[in-house]
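Here's a quick walk through one protein model. Have a look at the fold first, and then we'll go from the whole chain down to a single helix.

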Amino acid sequence: MTPNEIGFALLYIGVFLLIGKIIRVKWTLLQNLFLPSSIIGGFIALFLGPQVLGKFMPEDSFFSNGVMTEAITEVWSALPGLMINVVFASLFLGAAIPKLKDIWHYAGPQLALGWSVGWGQYVVGITLAVLVLVPFFDLPAMSGALIEVAFEGGHGTAAGMASTFEELGFAEAFDLAIGLATIGVLSGVIFGIILINWGVRNKKTKVIEDVEDFSDLRKRGVMEYQNREPAGKMTLRPESIEPLSFHLSIVFIAILLGWLLLQGLIGLESITIGSDFMSYIPLFPLAMIGGIALQIFFSKKDKYNLVDRRMINRIQGLALDILILSAISTVSLDVIGEYLVPFVILAAAGIAWNLFGFLVLAPRMIPQYWFERGIGDFGQSMGVTATGLLLMRVVDPDNESPAFEAFGYKQLFYEPFLGGGFVTALSVPFIAQFGPWPTLIVAVAMTAIGIFFGLFYFGKKKTA
């Protein structure tokens, strides 16, 4: 593959992102579903690629590979695993570290709920694997981790785990996880809107009394002129260094620190206990640690406040758009078709558990504004943090409840572990090395801890 072919493959991403945006602007159904352009563009690329359009074309025709060349497909297949490192390295860069008292006050109930639902996805998934997927469908026990990897982790984490799945002999898990993550996003928005309508009609919400639709521009994904804000601050003068270049450098250094840490852990493990467990760990959770280390450094040493959170958000958003589009467009439909029944079982079980978490656990764990706060965790548990934020914005458009603050504080403790953190990264190699039963026991214990604190500590408080 030549550099020109790689460059052309990257240019092609812009074409499908723009196509996805145009379709979002024009199609009312997709506006009502609030689907990101990256997901729409990813599906268009999938249908116009070798797996759909290419199947109906003669082998020797110009479109035998669809509108995609083999080089484009190969480059796009590698992009998700690279972009997830950018996403996770950016998580805490430029973010202020709040006081512990505030974190505990606001995030405690939220963390208990998220902890219960996240670990519960392992309980549901591994139980299904042991009782159904392994004996009846001959799937590896690692399939029990797919619900949490795909639903809590989303497309990014599912893509980031691709090399781990392949090295452990379960390469098909990547396609299943991407498919499940897509189902999670779609069902998260659909069920979320249904739940909000139900909550308003049944007086479960405190902030809004009737459902007010977003403006037409907002549904189309266009920012109202009067609400447009700068994408980032010019914290440095461009004649010295372009501010975007500076922030990209910070993100890249965070990833490099994560890589150095991972190599050190692999070497230490090899010297001390002689195993290769750490070699199966993906880079992205270590990139997040690199980002945290850099943020601590800048918090103490940067007297000019050079790291702008909005600029970091734009870098993270770009990486996530590329990641989602490339992951969906290269997912193997043949693999999903081959494992269709297990795929449906996992998807249905994951959705059912998340609905249980919101409808049963949330009102008992979060004493005040449980609907406004719980709907955010429901959206996140279905695969994308942005879905949770979207649903919270629907039920609390003017930020009158502590939902956004509590959700943000919770992420500081939650993201390093579940939803793409260390637990998610370690779960698959842990199951592969030690079997499903030890993992299930740990998951049950962690779920029980989350439920206990949620129900009997935070749930008993008058205010939270």
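## Long-range contacts

Among contacts in the protein chain between residues at least 6 apart in sequence, what percentage join residues at least 24 apart? It's 78%. Keep in mind that this is a predicted model.

## Overall build

On the secondary structure side, the protein chain has 20 helices and one strand. Its C-alpha atoms fit a box of roughly 70 × 60 × 50 Å along the principal axes. The radius of gyration is 22 Å, which agrees with the value near 23 Å for a compact globule, because that is what 464 residues would give.

## Burial, surface and charge

Of the 464 residues, 51% are buried. The accessible surface adds up to about 21400 Å², with carbon and sulfur atoms taking 65% of it.

As for charge, there are 36 negative side chains and 29 positive ones in the protein chain. The centres of these two sets sit 14 Å apart.

## A closer look at H3

Helix H3 covers residues 37-48, so to speak a 12-residue piece, and spans 16 Å from first C-alpha to last, close to the 16 Å expected at 1.5 Å a residue. Its buried residues are Ser-37, Ser-38, Ile-39, Ile-40, Gly-41, Gly-42, Ala-45 and Leu-46.

What do the buried residues of H3 pack against? Their partners are helices H1 (3-26), H2 (28-33), H4 (70-89), H9 (172-201), H13 (309-329) and H14 (333-338).

Conventions: Residues are numbered from 1 along each chain as its sequence is written. This is a predicted model: local features need pLDDT of at least 70, side-chain atom pairs count only at pLDDT 80 or more; totals for chains, interfaces and linings use all residues. Side-chain values use heavy atoms; hydrogens and water are left out. Helices (H or I, at least four residues) and strands (E, at least two) are DSSP runs, numbered from the N terminus. The radius of gyration is taken over C-alpha atoms; the globule rule is 2.2 Å times the number of residues to the power 0.38. Buried means under 20% relative accessible area, exposed over 50%, partly exposed in between (1.4 Å probe, protein chains only). Contact means heavy atoms within 4.5 Å. Accessible areas come from the Shrake-Rupley method with a 1.4 Å probe; for residues, only the protein chains shown count as cover. Lys and Arg count as positive and Asp and Glu as negative; His and the chain ends are not counted. The place of a charge is taken as NZ of Lys, CZ of Arg, CG of Asp or CD of Glu.
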